[in-house]
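This report walks through one protein chain and its ligand. Please keep the sequence and the 3D view at hand while reading.

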Amino acid sequence: MDWKSLGSALFFPIQMVYFLLKAAVCLFFPSRLRDMSGDVVLITGGGRGIGRHLAREFAKQGAKKLILWGRTEKCLKETCEEIKLMGTECHYFLCDVGNREEVYQQAKVVRERVGDVTILVNNAAVVHGKSLMDSDDDALLKSQHINTLGQFWTTKAFLPRMLELQNGHVVCINSVLSQSSIPGAIDYCTSKASSFAFMESLTLGLLDCPGVGTTTVLPFHTNTEMFQGMRVRFPNLFPPLKPETVARRTVEAVQKNTALLYLPWTMHALVILKSFMPQQALEEIHKFSGSYTCMNTFKGRT
Ligand SMILES: NC(=O)c1ccc[n+]([C@@H]2O[C@H](COP(=O)([O-])OP(=O)(O)OC[C@H]3O[C@@H](n4cnc5c(N)ncnc54)[C@H](OP(=O)(O)O)[C@@H]3O)[C@@H](O)[C@H]2O)c1
């Protein structure tokens, strides 16, 4: 080992302690927030659910322009009008993120008509809500195209300009189900796990790119139409999150340049438990908490 490598090996534990202490201090002292007055924010699935609340929150925090993408014009238009009434410029475009050509085409339209996107929020997703054997092949493919591959196309469309400008942020609204799957939503859990890996790899790949960051949000069950009918065993102990809370915490994480956000923070316990508990114990936890059967009553978007 040469002197340089020996030096970095000795310095490494000091660096680790420094970063841990820094993170602990940041919990108590507010860090500098991103000024969003120059930001152009594009939200996929921005017409309803968490996406609509994200649009409200970005507007509230002073974003310059908002762009909403989705497939249903009615809700996109409603949200867009609401944002304009808040005093923020807002545009909407019909775009199916599962369709690569459409994403590239609409990204071009956005650049020409609105300008360079500096914050991309990959929020659009669907859940089929069936077991593998009960799902038809096209439905299984659709979830992967929208929830996972959609992010490949949107990120490829907007990231290059963020890198040129040295100003940008890519956000992924993921799910705790990417870390701990449940039966009856095999399409969704698979797509979210692979989307988590996508964001992890993207984040590390951007380490040497100044001014460009990422945020991955992993919310627990949230009160929107997506998981309608799903029942957990102890709803008072594990109440669903409010979509406005998810939106507020997401925008705050972007402003603080936080890479990973579990909502609620107690979800960290899930990941820790999974790393050392024996399989039989984990199975009992699933049965006891009701996550084993929670999709039996699932209706989803009717
Ligand atoms: N609800 C929960 O319990 C929960 C928990 C954790 C994480 N999440 C995540 O939070 C995000 C938002 O979910 P939500 O609860 O707000 O669900 P939601 O109410 O069903 O909204 C989903 C949004 O995605 C859009 N979308 C779906 N397919 C699309 C496509 N092919 N192209 C463009 N847009 C599309 C929908 O608009 P159109 O149908 O008009 O296209 C809608 O605006 C998702 O990523 C979800 O996985 C949700």
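## Annotated regions

UniProt positions are given here in the numbering used for this chain, and annotations may be inferred rather than shown by experiment. With that in mind, the unreviewed UniProt entry assigns "domain: Ketoreductase" to residues 39-230. The model itself is predicted. Over residues 39-230 it shows 46% helix and 18% strand. The end C-alpha atoms of that span are 37 Å apart.

The unreviewed UniProt entry also lists a "transmembrane region" at residues 6-29. Here the model gives 96% helix and 0% strand. The end C-alpha atoms of residues 6-29 lie 35 Å apart.

## Around Phe 29

Where does Phe 29 sit? Phe 29 is in the loop between α1 (3-28) and β1 (40-44). Residue 29 is also the last position of the UniProt span 6-29. Is Phe 29 buried or exposed? Phe 29 counts as exposed, because its relative accessibility is 56% and the cut-off for exposed is over 50%.

Phe 29 and Glu 78 are 49 residues apart along the chain. Their C-alpha atoms are separated by 38 Å.

## The ligand site

The ligand is surrounded by 28 residues. The closest are Arg 48, Thr 72, Tyr 188, Thr 224 and Arg 301. By type, the shell divides into 13 nonpolar, 10 polar and 5 charged residues. Two helices, α2 (49-60) and α6 (186-205), each supply at least two residues of this shell.

Backbone atoms also approach the ligand. A polar backbone atom of Gly 45 is 3.1 Å from a ligand oxygen. For Asn 123, a backbone N or O atom lies 2.7 Å from an oxygen atom of the ligand. Val 97 pairs with a nitrogen instead: a polar backbone atom of Val 97 is 3.0 Å from a nitrogen atom of the ligand. How much of the ligand does the protein cover? On its own the ligand has 870 Å² of accessible area, and the protein covers 98% of that.

## Cysteines

A disulfide is a covalent bond between the sulfur atoms of two cysteines. How many does a search of the whole structure find? The search finds 0 disulfides. Cys 90 is in none; its nearest cysteine sulfur belongs to Cys 80 and is 3.4 Å away. That pair does not count because the sulfur atoms of a disulfide must be within 2.5 Å. Cys 90 is buried, at 3% relative accessibility.

Cys 172 is in no disulfide either. The nearest cysteine sulfur to Cys 172 is that of Cys 189, 14 Å away. Cys 172 has a relative accessible area of 1%, so it is buried too, since the limit is under 20%.

## Backbone exceptions

Most residues other than glycine have a negative phi, and most peptide bonds are trans. Which peptide bond is cis? The bond from Leu 263 to Pro 264 is cis, with omega near -5°. Pro 264 lies in the loop between β7 (260-263) and α8 (268-276).

Gln 166 is not a glycine, yet has a positive phi of about 55°. The loop between α5 (137-165) and β5 (168-173) holds Gln 166. Gln 166 counts as partly exposed, because its relative accessibility is 48%. Asn 257 also has a positive phi, near 55°. Asn 257 is found in the loop between α7 (243-256) and β7.

## Arg 161 on α5

Arg 161 lies in helix α5. With a relative accessible area of 31%, Arg 161 is partly exposed. What does its side chain contact? The Arg 161 side chain makes a polar contact with the side chain of Glu 164, at 2.6 Å.

Along the chain, Arg 161 and Val 117 are 44 residues apart. In space, their C-alpha atoms are separated by 8.1 Å.

Technical notes:
Residues are numbered from 1 along each chain as its sequence is written. This is a predicted model: local features need pLDDT of at least 70, side-chain atom pairs count only at pLDDT 80 or more; totals for chains, interfaces and linings use all residues. Side-chain values use heavy atoms; hydrogens and water are left out. Buried means under 20% relative accessible area, exposed over 50%, partly exposed in between (1.4 Å probe, protein chains only). A residue is near a molecule or strand if one of its heavy atoms lies within 4 Å of it. A polar contact is a pair of N or O atoms within 3.5 Å; within protein, one must be able to donate a hydrogen and the other to accept it, and residues adjacent in sequence count only if both atoms are side-chain atoms. Accessible areas come from the Shrake-Rupley method with a 1.4 Å probe; for residues, only the protein chains shown count as cover. Helices (H or I, at least four residues) and strands (E, at least two) are DSSP runs, numbered from the N terminus. Ala, Val, Leu, Ile, Met, Phe, Trp, Tyr, Cys and Pro count as nonpolar, Asp, Glu, Lys and Arg as charged, and the others, Gly among them, as polar.
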